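Hi everyone, thanks for letting me take a few minutes today. Let's have a look at this one together, and please stop me whenever something is unclear.

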Amino acid sequence: SKRGHNDRNVFNSTSEASKEGFDNEFLRNVSAIPMLSYEDLREATNNWSESNLLGRGGFGQVFKGEWKLLPVAVKRLRDNDDKNRELIREMCLNQYRHDNILPLYGYSLGGPEACLVYQLMAGGSLEQRLRVHGTRPYLPDEYLRSRCLSPAVDVFSYGVVILEMATALPAIDKTRPVLLLSDYMQQLASEGVDFGNFEDRILKAINNSNVHLCREFVSIGLHCTKYSRQERPNMLEVYKRLNAMEFPGKNLT
């Protein structure tokens, strides 16, 4: 059956994640994300009405809708070989909490297309607001030129968020020698600056300093914000690097 075919995709995705070296915690978190009914999402978007269409990207379309009395954005994925990778990538992002990352409410694999359901952020289209506040600091040059969404755009945006969290510096600052944080950090890296000195002053003040952790966090952000999209990692690689980092309390239960 069609449903059986899609259910096998769930196991294939989890199997792919396991082969990539994801730990049991990741797999548990994935299994905790609710699987939703495709028909409920069709109803929530008024049968995928064009009037509810927020935008189109490399992986499909995004519609606004109302699900369980909540305003949501429903991302309907194209039915192609990249679908499972997109699902795993989105679930990787869902492991982290930040103001600029939308929470994933659930997913559906029971219909003709796989779907992902997010909190709806008012005031913008898919291209502007789907994952991060779609302002210049979070967008790579290739997107600004072509207006074409891709996984590499998402990785760049996530990298800027990582740099913000690692350094406590704003994504854009008119008083800085270089306006955009991504450009500023790339310039400092080319100059051989020790990013351990960028550690959050609050952490230092409470004697919870970890210079090595700060350096590694910045390194990941720099990798994600490479100018060339071909040089950026995919989200699976980002997840593995973040998960491999040692920080206080990581192994506490």
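**Salt bridges, a hairpin and packed helices**

Let me start with arginine 42, which is partly exposed, with a relative accessible area of 27%. Before I go on, please keep in mind that this is a predicted model.

So which residue does the side chain of arginine 42 meet in a salt bridge? The partner is glutamate 39, and the N to O distance is 3.1 Å. Both residues sit in helix H3, which covers residues 38-44, and they are three residues apart, about one turn of the helix. Glutamate 39 is partly exposed too, at 45% relative accessible area.

How many salt bridges does the structure hold? There are six, and I'd like to show you two others.

The next one joins the side chains of arginine 76 and glutamate 113, at 3.8 Å from N to O. This pair links distant parts of the chain, 37 residues apart: arginine 76 belongs to strand S3 (residues 70-77), while glutamate 113 is in the loop between strand S4 (104-108) and strand S5 (115-119). Is arginine 76 buried or exposed? Its relative accessibility is 16%, so arginine 76 counts as buried, because the cut-off for buried is under 20%.

While we are at S3, let's meet its neighbour. Strand S2, residues 60-67, is mostly covered, with six of its eight residues buried. S2 and S3 run antiparallel and are joined by eight bridges. To pick one pairing, lysine 64 has alanine 73 in S3 as its bridge partner. The two strands S2 and S3 form a hairpin with two residues between them. In that turn, have a look at lysine 68, whose phi is positive, at about 50 degrees.

Now for my other salt bridge. Here arginine 241 pairs with glutamate 216, and their closest N and O atoms are 2.9 Å apart. Arginine 241 is in helix H11 (residues 235-244) and glutamate 216 is in helix H10 (residues 211-224), so this pair ties together parts that are 25 residues apart in sequence. Arginine 241 is partly exposed at 27% relative accessible area, and glutamate 216 is partly exposed at 23%.

How do those helices pack? Two packed helices are described by the angle between their axes and the distance between the axes. For H10 and H11, the angle is about 175 degrees and the axes are 10 Å apart. The two helices are therefore roughly antiparallel, since angles over 145 degrees count that way. On the H10 side, the residues in contact are Glu216, Phe217, Ser219, Ile220, His223 and Cys224, and they meet Val238, Arg241 and Leu242 in H11. By class, this contact has five nonpolar, two polar and two charged residues.

My last stop is another helix pair. H7 and helix H8 (residues 181-190) pack at an angle of about 70 degrees, with axes 10 Å apart. That makes H7 roughly perpendicular to H8. Which residues make the contact? From H7 we have Phe156, Val160, Leu163, Glu164 and Thr167, and from H8 we have Leu181, Ser182 and Met185. Sorted by class, the contact of H7 with H8 has five nonpolar, two polar and one charged residues.

One more residue in H7 (residues 151-167) is methionine 165, which counts as partly exposed at 35% relative accessibility. Its C-alpha atom is separated by 9.6 Å from that of cysteine 214, although the two residues are 49 apart along the chain.

That's my tour, and I'm happy to take questions!

Note on methods:
Residues are numbered from 1 along each chain as its sequence is written. This is a predicted model: local features need pLDDT of at least 70, side-chain atom pairs count only at pLDDT 80 or more; totals for chains, interfaces and linings use all residues. Side-chain values use heavy atoms; hydrogens and water are left out. A salt bridge is a side-chain nitrogen of Lys or Arg within 4 Å of a carboxyl oxygen of Asp or Glu. Helices (H or I, at least four residues) and strands (E, at least two) are DSSP runs, numbered from the N terminus. Buried means under 20% relative accessible area, exposed over 50%, partly exposed in between (1.4 Å probe, protein chains only). Two strands pair if DSSP finds at least two bridges between them. Axes are lines fitted to C-alpha atoms, for helices over the stretch in contact, and angles run from 0 to 180 degrees between N-to-C directions. Angles under 35 degrees count as roughly parallel, over 145 as roughly antiparallel, 65 to 115 as roughly perpendicular and the rest as oblique. Contact means heavy atoms within 4.5 Å. Ala, Val, Leu, Ile, Met, Phe, Trp, Tyr, Cys and Pro count as nonpolar, Asp, Glu, Lys and Arg as charged, and the others, Gly among them, as polar.
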